[in-house]
Amino acid sequence: MANVTVKAQLMLSTGELVSMSGTLAEGTASELQTSTTYSTAATSIGQFANGKTITSIVQPPTAPNGIAYAYLERRGAIICVIPVAVDGVQDSPCVMPAMVQLQAGDTIQVMANTSADREFGYSVITNRGVHAIFAGTPTGAGNTDLTHILSGQSIGQSLTGQSVVRHFATSIDGSKLSTGGVLCLNDRGLPVGGCSATKPATLQPKLNAVGGYAVNLNFVARVSYSS
């Protein structure tokens with residue numbers, strides 16, 4: 001795994017454009033700070049824009065090889081999932097998924113990966129405004145149940161009593177995905193919803209509202225692989 005340049009461009013409620021850039025290690029969720037090209041020092045987004053709001057994503061967090069997810073973090077929790085992209089494969093700008101007034105200490109965390117890393121990332125937003133990310137890496141053919149990247153809990157344990165209303169998924173596996181993405185299975189093992197997976201090196205993942213579902217305690221987010 002290498003250290004790679006990750007970058008993003010974010011629009012604030014004041015009309016300012018914040019350029020983010022940094023050298024991050026692949027395979028480890030790391031903080032993306034402001035670019036030293038346009039600021040005197042690399043700074044966390046919360047410190048740089050304290051009291052302001054990110055309104056638009058001009059360029060999402062972008063890595064050269066692979067990328068699974070990104071999020072705005074506050075005091076160890078995910079407060080907003082953020083779309084991601086691979087260099088040169090970017091769609092049009094989009095609004096920030098949640099309008100959050102920034103506080104000192106807020107950071108942007110990014111999981112950049114190698115082009116061969118099979119990590120499956122699944123970012124969701126619920127009807128209560130909760131943002132969560134689930135991930136898992138297959139070892140071959142079979143099923144991989146995704147778990148919360150911070151707590152290690154299943155989707156049922158994390159979001160019971162809530163409904164997923166927007167989501168996106170990332171994976172490099174393409175045709176190896178037996179169901180094309182992730183399925184949420186109920187306590188009887190039956191699918192109640194799901195999300196197709198996007199390969200960031202081919203197409204930029206974006207949030208969508210198709211395939212949403214209610215979550216209960218023993219539900220799992222499962223990805224099935226042919227190899």
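**Strand pairing, cores and cysteines in the predicted model**

In this predicted model, β5 and β9 pair in the antiparallel sense over 7 bridges. Within this pairing, A70 stands opposite V110 of β9. The two strands belong to an open sheet of 4 strands, with the order β3-β9-β5-β6 and antiparallel pairing. The edges of the sheet are formed by β3 (30–32) and β6, and each has a single partner strand, so one side of each is left without a neighbour in the sheet. On average, and with direction ignored, neighbouring strands of this sheet are turned by 40 degrees against each other.

The pairing of β3 with β9 is also antiparallel and comprises 3 bridges. On β3, S30 stands opposite V110 in β9, and L32 stands opposite I108 in β9. V110 thus faces S30 of β3 as well as A70.

Strand β9 is mostly covered, with 7 of its 7 residues buried. Its residues alternate between two directions: T107, Q109, M111 and N113 point one way, whereas I108, V110 and A112 point the other way, and all are buried.

Two of these β9 residues, I108 and V110, also appear in the largest nonpolar core. This core has 40 residues, of which V6, M20, I45, L72, I108 and V110 touch the most other members. At least two core residues are supplied by each of β1 (3–12), β2 (17–25), β4 (54–63), β5 (66–74), β6 (77–82), β9 (107–113) and β11 (131–136). The largest share, 6 residues, comes from β5.

The surroundings of L72 were examined with its neighbours within four places in sequence left aside. L72 is in contact with I45, A77, I78, I79, C80, I82, M96, V100, L102, D106, T107 and I108. Among these contacts, I45 and I108 are, like L72 itself, members of the group that touches the most other residues of the core. Apart from the largest core lies another, of 20 residues, among them V124, A132, C195 and A221.

A132, a member of the 20-residue core, is located on β11, where A132, F134 and G136 point one way and H131, I133 and A135 the other way. All of these residues are buried, and β11 is accordingly described as mostly covered, with 6 of its 6 residues buried. Strand β11 pairs with two strands considered here. With β10 (residues 120–126), the pairing is antiparallel and extends over 6 bridges, and F120 stands opposite G136 in β11. The hairpin of β10 and β11 has 4 residues between the strands, and G129 takes a positive phi near 80 degrees in this hairpin. With β13 (residues 147–148), β11 runs antiparallel and is joined by 2 bridges. The bridge partner of A135 in β13 is T147.

Outside the strands, S35 is placed in the loop between β3 and α1 (45–48). S35 is buried, with a relative accessible area of 7%. A polar atom of the S35 side chain lies 3.1 Å from the backbone nitrogen of T37. When neighbours within four places in sequence are left aside, S35 is in contact with S19, M20 and S21. One of these contacts, M20, is among the residues that touch the most other members of the largest nonpolar core.

The cysteines were examined last. A search of the whole structure finds 0 disulfides. C184 is in no disulfide, and the nearest cysteine sulfur, that of C195, is 12 Å away. C184 is buried, with a relative accessible area of 1%. C195 is likewise in no disulfide, and the nearest cysteine sulfur to C195 is that of C184, 12 Å away. Because a disulfide requires the two cysteine sulfur atoms to be within 2.5 Å, the 12 Å separation excludes this pair. C195 is buried as well, with a relative accessible area of 6%, and is one of the residues of the 20-residue core.

How values were computed. Residues numbered from 1 in each chain as written. Predicted model: local features only at pLDDT ≥ 70, side-chain atom pairs only at ≥ 80, totals over all residues. Heavy atoms only, no water. Core = buried A, V, L, I, M, F, W, Y, C linked by side-chain atoms within 4.5 Å. Buried < 20%, exposed > 50% of the residue type's maximum accessible area, 1.4 Å probe, protein only. Contact = heavy atoms within 4.5 Å. Pairing = 2+ DSSP bridges. Axes fitted to C-alpha atoms, helices over the stretch in contact; angles between N-to-C directions. Polar contact = N/O pair within 3.5 Å; in protein donor to acceptor, adjacent residues only side chain to side chain.
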